[in-house]
There are 2 protein chains.
Amino acid sequence: MTISEVSQKYNLTQDTIRYYEKIGLLPKVPRSKNGIRNFDDEACRWIEFIKCMRNAGMEIEILIKYVDLFKQGENTVKERRQLLEEQKSKLLEKQKSINETMDRLNYKIKLYD
Amino acid sequence: MTISEVSQKYNLTQDTIRYYEKIGLLPKVPRSKNGIRNFDDEACRWIEFIKCMRNAGMEIEILIKYVDLFKQGENTVKERRQLLEEQKSKLLEKQKSINETMDRLNYKIKLYD
DNA sequence: TATTGACTTAGAGCAAACTCTAGGTGTTAT
DNA sequence: ATAACACCTAGAGTTTGCTCTAAGTCAATA
């Protein structure tokens, strides 16, 4: 797949995708001989994963670290698992914040009726 | 209450509190004769409200608009209500995103076991 | 009385995450 | 063959939301 196809499929700009690769968030997108990116299934799965994590507000720096550990191979499995656990508890915190805000919003909206 | 007390109570820096007032996020903090802020109950409730909304990721610009409508008085009640409804649906979206990411994280963590 | 400390302001600086610009290459359509 | 188009890069610019700096006022304390 070309970058424009991937861009449409995942609703990310081409600039964003190139940026993600440049900073090491996206590992090894294969290229055709003339240097043009040719996204295979693995590259697409990475994009989907990153998009999902970013949608939940996970920091790019953390994701870069995860990708980095992944690149280092099997001996980083434990570290990767821990990273994900940490992010999970951050997400739980975020959920809590949002729930509080939800309650408050619902209360306020009720008052306006 | 002085700004340092409010800062401690709500765990916001003094700079942030002053910034919020400067940009119109925080309405009318009363001042003593020499110009020093003297937070009353209403100012504190605003701070708490803003902090709660910001914790959930609500944009400052939106909150400024809300405060602005509030300042304009009772004839903006309908508009304020609508603004809150809009933010509520944004929060619902965010909850959905986070839930998706949660599922994915849990799945991945399970794989690492 | 002098200095310490809490407050004030305007405005500059900073970090994160893009987003845009300029200039270049390579393939395809007329 | 020349123009159009999709791609490429490096690097500058933008937005959001603070955070810091410099310079000043005022009250209290050594």
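Which residues come nearest to DNA strand D? The points below start there and then move to DNA strand C and the contact between the chains.

1. This is a predicted model, in which local features need pLDDT of at least 70, side-chain atom pairs count only at pLDDT 80 or more, and totals for chains, interfaces and linings use all residues. Residues are numbered from 1 along each chain as its sequence is written, chains are lettered from A and ligands numbered from 1 in the order in which they are written, and side-chain values use heavy atoms, with hydrogens and water left out.

2. Around DNA strand D there are 17 residues, and Ser4(A), Arg37(A), Asp15(B), Tyr20(B) and Arg54(B) come nearest. A residue is near a strand if one of its heavy atoms lies within 4 Å of it. Sugar or phosphate accounts for 74% of the atoms of DNA strand D within 4 Å of the protein, and bases for the rest. The surface near DNA strand D divides into five nonpolar, five polar and seven charged residues. Here Ala, Val, Leu, Ile, Met, Phe, Trp, Tyr, Cys and Pro count as nonpolar, Asp, Glu, Lys and Arg as charged, and the others, Gly among them, as polar.

3. Phosphate oxygens of DNA strand D lie 3.1 Å from a polar side-chain atom of Arg18(A) and 2.9 Å from one of Arg54(B). For Thr2(A), the distance from a side-chain N or O atom to a phosphate oxygen of this strand is 3.3 Å. Helix 2 of chain B gives the most to the surface near DNA strand D, with four residues. Helices are DSSP runs (H or I, at least four residues), numbered from the N terminus.

4. DNA strand C is surrounded by 19 residues, the closest being Asp15(A), Tyr20(A), Arg54(A), Arg31(B) and Arg37(B). Side-chain N or O atoms lie 2.7 Å from a phosphate oxygen of DNA strand C in Tyr20(A), 3.0 Å in Arg54(A) and 2.7 Å in Arg37(B). Of the atoms of this strand within 4 Å of the protein, 72% are sugar or phosphate. Helix 2 of chain A gives the most to the surface near DNA strand C, with four residues. By class, that surface has five nonpolar, six polar and eight charged residues.

5. Chain B and chain A each bring 33 residues to their contact, where contact means heavy atoms within 4.5 Å. The buried area is about 3,100 Å², 70% of it from carbon and sulfur atoms; this is the accessible area (1.4 Å probe) that two parts lose on being put together, summed over both. Ile98(B), Arg104(B) and Tyr112(B) supply 21% of what chain B buries against chain A, more than any other three residues.

6. Four salt bridges are counted between chain B and chain A, a salt bridge being a side-chain nitrogen of Lys or Arg within 4 Å of a carboxyl oxygen of Asp or Glu. One joins Arg81(A) and Asp113(B), at 1.9 Å from N to O. Helix 5 (77–111) of chain B is one of the elements that supply at least two residues of the side touching chain A, and its share, 22 residues, is the largest.

7. A turn of 180° with a shift of 0.0 Å along the axis lays chain B on chain A with an RMSD of 0.1 Å, superposed by least squares on the C-alpha atoms of residues with pLDDT of at least 70 in both. That is the relation of a two-fold axis. In chain B, the C-alpha nearest the axis belongs to Gln95(B), 3.5 Å away. The same surface serves both copies, as 100% of the contact residues of chain B recur in chain A.

Terms used
A polar contact is a pair of N or O atoms within 3.5 Å; within protein, one must be able to donate a hydrogen and the other to accept it, and residues adjacent in sequence count only if both atoms are side-chain atoms.
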